Amino acid sequence: MLQIESLSCFRQDRCLFKDLNAKVLPGQALQIVGENGSGKTTLFKILAGLFEEYDGRVITAAGSLYLGHRYGVNDQLTPVENLKFLLKLNEIQLAPGLLMDALARFQLSAELDQPCAALSEGQKKRVALARLILTSARIWLLDEAFSALDAPGRAVLSEVCQAHLASGGILIFSSHQGIPEFAAAAQLRLEVGS
Amino acid sequence: MMLLLRELKIMLRSPAGAIQSLMFSVLVIALFPLAITPDPDQLEPLGIGLIWVVTLLSCLLAADKSLAGDYADGSLEQMVLSDYPLWWVCLVKSMAHWVSCALPLLLMAPILGAMLAMPLDRIVWLMASLVLGSPILSLFCMLGAMLTVGLNQSSALLPILIAPFLVPTLILGTQWATTGGEAFYGYMLAALLCLSLVTLPFATAVVAKIAVSR
Amino acid sequence: MWRWFHQWGSPKFFYHRSGALIPVLALASGLILGAGVFWGLLIAPADYQQGESVRIMYVHVPAAILAQSSYAMMAVMALISLIWRLKIADAAVQTVAPIGACITLLALATGSLWGKPMWGTYWVWDARLTSTLILFFLFAGVLALRNAAGQSQTAGRAASVLAVIGLLNLPIIKYSVDWWFTLHQPASFTLTDRPAMPFSMWGPLLMMVVGFYAWFFLAWLIRLRHELVKREIRSDWVQQMMKQ
């Protein structure tokens with residue numbers, strides 16, 4: 001479960017949002033909606049525990065995984081090395097086969113042993129997203145995860161997300177594109193300059 | 001361990017940074033005889049001090065780069081969020097900085113010393129003082145890098161913030177080497193190293209949390 | 001005790017209560033400094049060795065003492081702001097840093113002026129001058145970080161960590177500079193091995209020290225109150241005050 005209680009955040013004297021309330025139960029998705037500069041990224045950082053200057057309460061009952069605009073893929077390392085590192089950060093040890101499967105699911109089999117610097121932006125993002133398949137985190141915080149992906153990439157991501165929800169996970173995401181699969185998800189709207 | 005291997009791998013695949021900072025040091029050392037005098041008798045007493053100052057400068061100049069990549073690609077956020085103790089992450093980053101920046105200089109010290117007409121026994125003491133002192137430089141540099149990462153002009157800001165903290169290391173290191181290993185300075189330098197090792201990674205960890213919330 | 005701490009930590013309470021202190025401090029610093037200057041520069045005897053130039057002491061010594069203790073005060077405020085996240089402590093750090101830097105600069109400048117008659121040169125790498133110079137760089141670091149990181153609370157916390165680490169390092173820096181100095185120069189020009197100062201000299205000196213502190217707290221308080229209003233500009237109590 002993830003619950004937000006009267007959450008307010010000010011940044012440099014500017015009110016980003018005030019008195020947000022939301023409750024997301026296992027198996028539910030929540031879309032954060034708002035224009036650029038409305039505080040979406042800050043909200044994600046607060047939920048992830050990266051940003052602590054807020055009033056109100058955030059209650060998370062499970063481990064979370066945060067993927068932001070910068071998603072932690074190093075240019076010098078290969079996709080496999082990057083993925084291994086990101087998983088090990090959360091002390092997840094895996095058989096190498098599973099790792100390959102996850103990368104293959106995101107159509108990265110051909111690029112396994114070149115440094116990520118040679119990959120396109122969308123491909124790098126897929127490396128980070130492959131982590132979703134292997135993680136044990138129950139709360140996913142995906143800030144603009146659908147951007148920079150092509151149509152097949154978006155399709156794989158929504159499949160993975162739906163499987164996560166079906167297994168009782170929680171998904172919080174933001175997206176400027178419409179994602180048909182999650183059109184029915186609850187929405188939390190942030191306004192600019194309140 | 002895994003973190004350290006990752007750092008080393010990244011470093012080996014893009015060695016340009018380490019090579020540049022080494023080249024910088026060698027070049028600066030080569031400039032001194034040109035600016036002062038080629039006379040060995042006048043150069044020799046300056047040797048230890050010059051090499052120490054150059055080491056300090058090249059550590060300071062390389063510090064912001066050692067963290068900028070992790071900040072830009074979001075690895076730093078993931079490290080802060082990870083289950084690893086953050087102080088350990090910071091310690092590993094300091095070690096990586098030391099390996100890429102101080103270690104090459106340490107290995108080059110005999111050549112730099114020869115360029116400044118230093119006799120062998122002084123070079124040995126110089127290297128000993130660098131072995132004990134340069135890790136302190138790296139620990140402080142990582143603190144500075146964490147304080148300034150993501151800010152405008154972090155590369156100019158970092159030396160201003162951190163250089164004053166390096167004064168004791170510089171003094172003890174150079175004194176120890178110039179006095180030919182007088183025990184008092186050696187003990188003090190070792191004590192400073194221990195103190196820095198047990199405190200600075202924790203301070204850097206506190207700052208890391210601030211850095212990712214910028 | 002805790003309640004008292006909490007009350008004074010509130011910007012509104014602090015602003016309203018501290019206003020009464022300003023005239024007191026202004027009067028005290030004006031009177032004490034005026035009397036101290038009069039006593040020290042005109043009445044106190046000249047030194048048997050240094051002559052009239054010893055009078056620089058009446059500015060230099062208070063500035064040097066205040067420089068160190070203002071850094072300590074800044075670091076304590078920084079620690080408070082880090083631990084209890086008191087907004088007022090963070091504002092205190094921000095406002096005291098420039099004052100401290102100026103005082104340190106004053107100590108350096110007067111020290112260098114005093115050096116001319118004493119040592120025959122404006123700058124000597126004397127242990128105390130060197131530590132004061134490093135102290136100035138420490139202040140400069142806090143100020144520079146604060147400026148570069150902007151006005152946010154995170155910027156303040158980074159600067160606070162730097163200030164606290166600076167305070168912990170200050171004794172190490174001081175001792176290492178002392179060792180360095182004694183190794184290079186036998187201690188021949190220190191004030192410590194001089195005969196004890198007569199009352200006619202330490203009297204005005206003490207007065208100047210007290211006067212400097214009064215002035216320092218006055219300047220800090222004015223800046224702090226100003227900063228609080230600026231930071232809390234959107235809050236009800238500032239808005240109310242503006243209307244009146």
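A residue is partly exposed when its count of other C-beta atoms within 10 Å falls between the buried level of 20 or more and the exposed level of 12 or fewer. I needed that cut-off for the entries on backbone angles. The model I am reading is predicted.

**Entry: A:Ala148**

I looked up the phi of A:Ala148 and found a positive value of about 70 degrees, although the residue is not a glycine. I placed A:Ala148 in the loop between β6 and α5 of chain A. Is A:Ala148 buried or exposed? Neither class fits: A:Ala148 has 15 C-beta neighbours inside 10 Å, so I entered it as partly exposed.

**Entry: C:Arg85**

I then turned to C:Arg85, which is also not a glycine and has a positive phi near 55 degrees. I located C:Arg85 in the loop between α4 (57–84) and α5 (87–119) of chain C. I counted 14 other C-beta atoms within 10 Å of C:Arg85, and therefore noted it as partly exposed.

**Entry: domains of chain A**

I took the division of chain A as assigned: domain 1 covers 1–63 + 139–194, and domain 2 covers 74–137. I have 23 Å between the centres of domain 1 and domain 2 of chain A, taken over C-alpha atoms. In the contact between them I list 12 residues from domain 1 of chain A and 11 residues from domain 2 of chain A.

I next asked which elements give two or more residues to the side of domain 1 of chain A that touches domain 2 of chain A. They are β6 (139–143) and α5 (151–166) of chain A. On that side of domain 1, α5(A) gives the most, with five residues. By class, I recorded nine nonpolar, two polar and one charged residues for the side of domain 1 of chain A that touches domain 2 of chain A. The loop that holds A:Ala148 lies between these two elements, β6 and α5 of chain A.

**Entry: chain C by itself**

I find nine helices and zero strands in chain C. From the N terminus on, I read its elements as α-α-α-α-α-α-α-α-α. For the C-alpha trace of chain C I have spans of about 60 × 40 × 30 Å along the principal axes. Chain C has 244 residues, and 38% of them count as buried. Among its contacts with a separation of 6 or more, I attribute 79% to residues 24 or more positions apart.

**Entry: chain C against chain B**

I looked up the contact between the two chains and found 23 residues from chain C and 21 residues from chain B. On the side of chain C that touches chain B, α6 (127–149) and α7 (153–184) of chain C each supply at least two residues. How many residues come from α7(C)? I have 14 residues from α7(C), the largest share of that side of chain C. I classed the side of chain C that touches chain B as 18 nonpolar, four polar and one charged residues.

**Entry: nonpolar core**

I found 186 residues in the largest nonpolar core, and B:Val207 and C:Leu145 are those with the most contacts inside it. This core draws at least three residues from each of domain 1 (1–63 + 139–194) and domain 2 (74–137) of chain A.

I followed B:Val207 further, leaving out residues up to four places away in sequence. In chain B, I find that B:Val207 touches B:Leu143, B:Met146 and B:Leu147. In chain C, B:Val207 touches C:Ala158 and C:Val161.

Key. Residues are numbered from 1 along each chain as its sequence is written. Chains are lettered from A and ligands numbered from 1 in the order in which they are written. This is a predicted model: local features need pLDDT of at least 70, side-chain atom pairs count only at pLDDT 80 or more; totals for chains, interfaces and linings use all residues. A nonpolar core is a set of buried Ala, Val, Leu, Ile, Met, Phe, Trp, Tyr and Cys residues joined through C-beta atoms within 7 Å. Domain bounds come from an automatic or database domain assignment. Two residues are in contact if their C-beta atoms, placed from the backbone, lie within 7 Å. Helices (H or I, at least four residues) and strands (E, at least two) are DSSP runs, numbered from the N terminus. Ala, Val, Leu, Ile, Met, Phe, Trp, Tyr, Cys and Pro count as nonpolar, Asp, Glu, Lys and Arg as charged, and the others, Gly among them, as polar.
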